[in-house]
Amino acid sequence: MHWFTALCRQTRPAEMADVAGPSGAELTPKQRMAERMRRLRELHSRRTEAQQLNHKEVVEEDRRQSQPKNWERRQQWAERKLEEAEQRELAQKQGEDFDRKRNLDISAEDAAKWERRKRKHHNPDPGFSNYEASTARQYDRLVKQVKPDMEAYEAKKEAMGDAFYAGPGAIVHGHHKDTKEAIDRLAEDVNKQIEKRAKFSRRRIHDDEADIDYINERNMKFNKKLERFYGQYTQEIKQNLERGTAV
């Protein structure tokens, strides 16, 4: 059956009543056909408009998915920075302190919230970069653990005199002798470091519920590397294979 014939047959009685003329008289077949064609053209234009809107939405959604996850937040941050730069330049022209003026508009609650967020994202240990930085971090950590005895410090300073802060050419050998308690503390701390280093391991915990798609440990590492680089592109194919609907 032709699509137009089917459309005409599906016309409801209420729609047929609309085809009648102003005086209630029946229209001629030619006039009814013209009215139906007008309605058909209107439906066709609506369908075209819906297709165009749908295409725009698909293009916009594809654009959003191709961007980073935090793209909108970065755009807002860039706009705020640009607006802040313009306000700072305007304040400098007017001879005002922009930072002081901005802080007057910030509530104590917002300031405390930003401070908590800044402390949360602050990482005191950025990880290994080189051996010098690692040694410096270890030194800072050990220094923070030291609890100096200020009374013993002042007594030794008074007893040693100018040799306490040795200058060029000063001989300090024999003026200082480590106590047994200090030597014991050093030995205990070294043993703790050795024990901690022996327990440290970067081996990941084995997940018993994970899918087994490897034949040995080397193959497991290779598969994880593939998943890292190509997992987002092969996810749909993998799901189809698991469901058994792959073409």
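Reader: What relative accessible area does Glu42 have?
Author: This is a predicted model, in which local features need pLDDT of at least 70 and side-chain atom pairs count only at pLDDT 80 or more, while totals for chains, interfaces and linings use all residues. Residues are numbered from 1 along each chain as its sequence is written, and side-chain values use heavy atoms, with hydrogens and water left out. Buried means under 20% relative accessible area, exposed over 50%, and partly exposed in between, with a 1.4 Å probe and protein chains only. Glu42 falls in the partly exposed class, at 32%.

Reader: Which residue meets the side chain of Glu42 in a salt bridge at 2.8 Å, N to O?
Author: A salt bridge is a side-chain nitrogen of Lys or Arg within 4 Å of a carboxyl oxygen of Asp or Glu. Glu42 has a partner four residues away, about one turn of helix H3 (residues 29–66). That partner counts as exposed, at 51% relative accessibility. The residue paired with Glu42 at 2.8 Å is Arg46.

Reader: How many residues apart are Glu60 and Arg63 in helix H3?
Author: Helices (H or I, at least four residues) and strands (E, at least two) are DSSP runs, numbered from the N terminus. The side chains of Glu60 and Arg63 form a salt bridge at 2.4 Å, N to O. Glu60 is partly exposed at 30%, and Arg63 is partly exposed at 37%. The two are separated by about one helical turn because their spacing in helix H3 is three residues.

Reader: What N to O distance is found in the salt bridge of Glu188 and Lys192?
Author: Both residues lie in helix H9 (residues 180–199), four residues apart. Glu188 is partly exposed at 46%, whereas Lys192 is exposed at 51%. Their side chains meet with an N to O distance of 3.8 Å.

Reader: Which residues are joined into one network by salt bridges that share partners?
Author: Side chains of opposite charge can pair when their charged atoms come close. The structure holds 11 salt bridges. Those that share partners link Glu35, Arg38, Arg39, Glu42 and Arg46.

Reader: Which residue has the backbone oxygen that the side chain of Asn223 reaches?
Author: Asn223 sits in helix H10 and is buried, with 18% relative accessibility. Beyond its neighbours within four places in sequence, Asn223 is in contact (heavy atoms within 4.5 Å) with Asp213 and Tyr214. At 2.6 Å, its side chain reaches the backbone oxygen of Asp213.

Reader: What is the area of the nonpolar surface patch that includes Tyr233?
Author: Patches are made of residues with over 30% relative accessible area and no salt bridge, with like charges joined within 9 Å and nonpolar side chains (Val, Leu, Ile, Met, Phe, Trp, Tyr) within 5 Å. Tyr233 belongs to helix H10 (residues 217–243) and is exposed at 58%. Together with Phe222, Leu226, Phe229 and Tyr230, Tyr233 makes a patch of about 600 Å².

Reader: What share of the residues of the protein counts as buried?
Author: The protein has 10 helices and zero strands. About 23,800 Å² is exposed, and carbon and sulfur atoms supply 53% of it; such areas come from the Shrake-Rupley method with a 1.4 Å probe, and for residues only the protein chains shown count as cover. Among contacts between residues at least 6 apart in sequence, 22% join residues at least 24 apart. Of the 247 residues, the buried share is 6%.

Technical notes:
A polar contact is a pair of N or O atoms within 3.5 Å; within protein, one must be able to donate a hydrogen and the other to accept it, and residues adjacent in sequence count only if both atoms are side-chain atoms.
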